[in-house]
Amino acid sequence: MIGKSVGIAGRLLLILITASSVTIQGFADDVDRARLIAAARAGGDYLVRMQKPDGSFHYTYDALEDRVATETYNILRHAGTAFALLDLYETTRDARYLESARQAIDFLKTRFRPARDKKGLYVLDFDGKTKLGANGLALIALARQLELDPKRGDRVSAERLANLILSLQDKDGSFASYYRLHGHEPTGSVSLYYPGEAMLGLARLFKLNGDRRLIESVRLGADHLIAAQKKMETLPDDSWLMQTLEAAHGIKKENRYADHAINIAESMIADQYTSASRHPEYEGGFRPGRPRATPAASRAEGIVAAYRLARATGDARAPGLAAALKSVARFLLSQQLNANDSSLRTPARAAGGFRESATSWQVRIDYVQHNISALLGIADALY
């Protein structure tokens, strides 16, 4: 046991040294479209390797110990992984990503349940809860499949998921966080991200079926959130709302949507580490504390949306957003594991995964999903 502990400690020390040098080197390298797409593909390859025969994924992987965890599965993160694979397929046209996404969506649909009125469909998570965000992310996945893989698409289920979301919206535009199954679910706002996830799903489906109820719900919800967030001392890091505002602006030009998304982006960038910070190796990541890959990637997804809105509206803040995206791209690349890292137990298995941080070698499917989405977004927006 002592020998094993020493071995692990030794590997930890070696990886810490390696991680530091890789991060510093990563910031010195130029970033271009080819490098970003290659990194996103490596992330997709990791997900394909980690997919089980039933379409689910090994949820968490310890790259240091080459061990997968058996913790409770999360269907929201699974749904996000499914549409990230579809996004990757759209960019690369690699059929492996399409087939993996198909299997993931087939598994996702095993968690669909009919609502009481039969017109709606809800997603039952493995903790027994029915979350607004689960319906939103599932709807995004089904909408993406309808766009890119229409023969396998399921419009009926997508529209029933949307009906459930609509039933959870109040007259003021706010959403209930749960579809009440048992009567003891939390009330009020539970997650910052659920409304944005739900509204983005509605906006994506509206572009496919033209159901006016969907876009009216998006606008009502967006107006509610914008008004509420403007009253806050600091704007929240609501990257899903930012993506929703871009989608809504694309349907009907509303400069106030663009302005709010850009304001959130600037608030995010105020917390971004720069080369002048006390820890230059943190450059591109975000406060507080040691930066983590997934919060950086999810913020980047929102900043990409804000940057595109800034370009579309001629906003003078666009160059600053672009600079922040280039910086975060370098940070994200520095957190990706690769097959040449001999300090890991099984480098070939870990390759392409994104670790939690420079001191954590936990790889979770949503870490990979958000990084794929961010890298693809940055590549398309800037290069």
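The legends below walk through several close-up views of this predicted model.

**Close-up 1. Helices α3 and α4 pack side by side.** A good starting point is this pair of helices, whose axes come within 8 Å and cross at roughly 155 degrees. That angle makes α3 roughly antiparallel to α4. The crossing is left-handed. On the α3 side, look for I75, H78, A79, A82, L85, L86, L88, Y89 and T92. They meet A95, Y97, L98, S100, A101, A104, I105, F107 and L108 of α4. Sorted by class, this contact has 15 nonpolar and 3 polar residues, with no charged ones.

**Close-up 2. Helices α5 and α6 form another packed pair.** Here α5 covers residues 132-148 and α6 covers residues 155-167. Their axes come within 9 Å and cross at roughly 150 degrees. With that angle, α5 is roughly antiparallel to α6. The crossing of α5 past α6 is left-handed. From α5, the residues in contact are L132, N135, G136, A138, L139, L142 and L146. Their partners in α6 are R155, S157, A158, L161, A162, L164 and I165. By class, the contact of α5 with α6 has 10 nonpolar, 3 polar and 1 charged residues.

**Close-up 3. D94 and R41 pair up in a salt bridge.** Side chains of opposite charge can pair when their charged atoms come close. In this view, the closest N and O atoms of D94 and R41 are 2.6 Å apart. The pair links distant parts of the chain, 53 residues apart. D94 sits in the loop between α3 (75-92) and α4 (95-109), while R41 belongs to helix α2 (residues 33-50). D94 is buried, with a relative accessible area of 13%, and R41 is partly exposed at 29%. A search of the whole structure finds 26 salt bridges, and this one is part of a network. Through shared partners, salt bridges join R41, D45, D94 and R96 into that one network.

**Close-up 4. R345 and E65 connect two loops.** This salt bridge has its closest N and O atoms 3.2 Å apart. R345 comes from the loop between α12 (318-334) and α13 (347-350). E65 comes from the loop between β1 (60-62) and β2 (67-68). The two residues are 280 residues apart along the chain. R345 is partly exposed, at 45% relative accessible area, whereas E65 is buried at 15%.

**Close-up 5. R77 and D366 join two helices.** The side chains of R77 and D366 meet in a salt bridge, with an N to O distance of 3.4 Å. R77 lies in helix α3 and D366 in helix α14 (residues 365-382), so the pair ties together parts that are 289 residues apart in sequence. D366 is buried, with only 6% relative accessible area, while R77 is partly exposed at 28%.

**Close-up 6. D66 and R93 have positive phi values.** Follow the backbone in this view, starting with D66 in the loop between β1 and β2. Phi of D66 is near 55 degrees, a positive value in a residue other than glycine. D66 is partly exposed, with a relative accessible area of 23%. R93, in the loop between α3 and α4, has a positive phi of about 60 degrees, although R93 is not a glycine. R93 counts as partly exposed at 49% relative accessibility.

**Close-up 7. A cis peptide bond leads into P288.** The bond in question runs from R287 to P288, and its omega is near 5 degrees. P288 lies in the loop between α10 (255-269) and α11 (293-313).

**Close-up 8. H182 and G128 sit 9.5 Å apart in space, C-alpha to C-alpha.** Along the sequence, H182 and G128 are 54 residues apart. H182 is found in the loop between α6 and α7 (194-209). With a relative accessible area of 49%, H182 is partly exposed.

Technical notes: Residues are numbered from 1 along each chain as its sequence is written. This is a predicted model: local features need pLDDT of at least 70, side-chain atom pairs count only at pLDDT 80 or more; totals for chains, interfaces and linings use all residues. Side-chain values use heavy atoms; hydrogens and water are left out. Axes are lines fitted to C-alpha atoms, for helices over the stretch in contact, and angles run from 0 to 180 degrees between N-to-C directions. Helices (H or I, at least four residues) and strands (E, at least two) are DSSP runs, numbered from the N terminus. Angles under 35 degrees count as roughly parallel, over 145 as roughly antiparallel, 65 to 115 as roughly perpendicular and the rest as oblique. A crossing is left-handed if the near helix is turned anticlockwise from the far one by less than a right angle, and right-handed if clockwise. Contact means heavy atoms within 4.5 Å. Ala, Val, Leu, Ile, Met, Phe, Trp, Tyr, Cys and Pro count as nonpolar, Asp, Glu, Lys and Arg as charged, and the others, Gly among them, as polar. A salt bridge is a side-chain nitrogen of Lys or Arg within 4 Å of a carboxyl oxygen of Asp or Glu. Buried means under 20% relative accessible area, exposed over 50%, partly exposed in between (1.4 Å probe, protein chains only).
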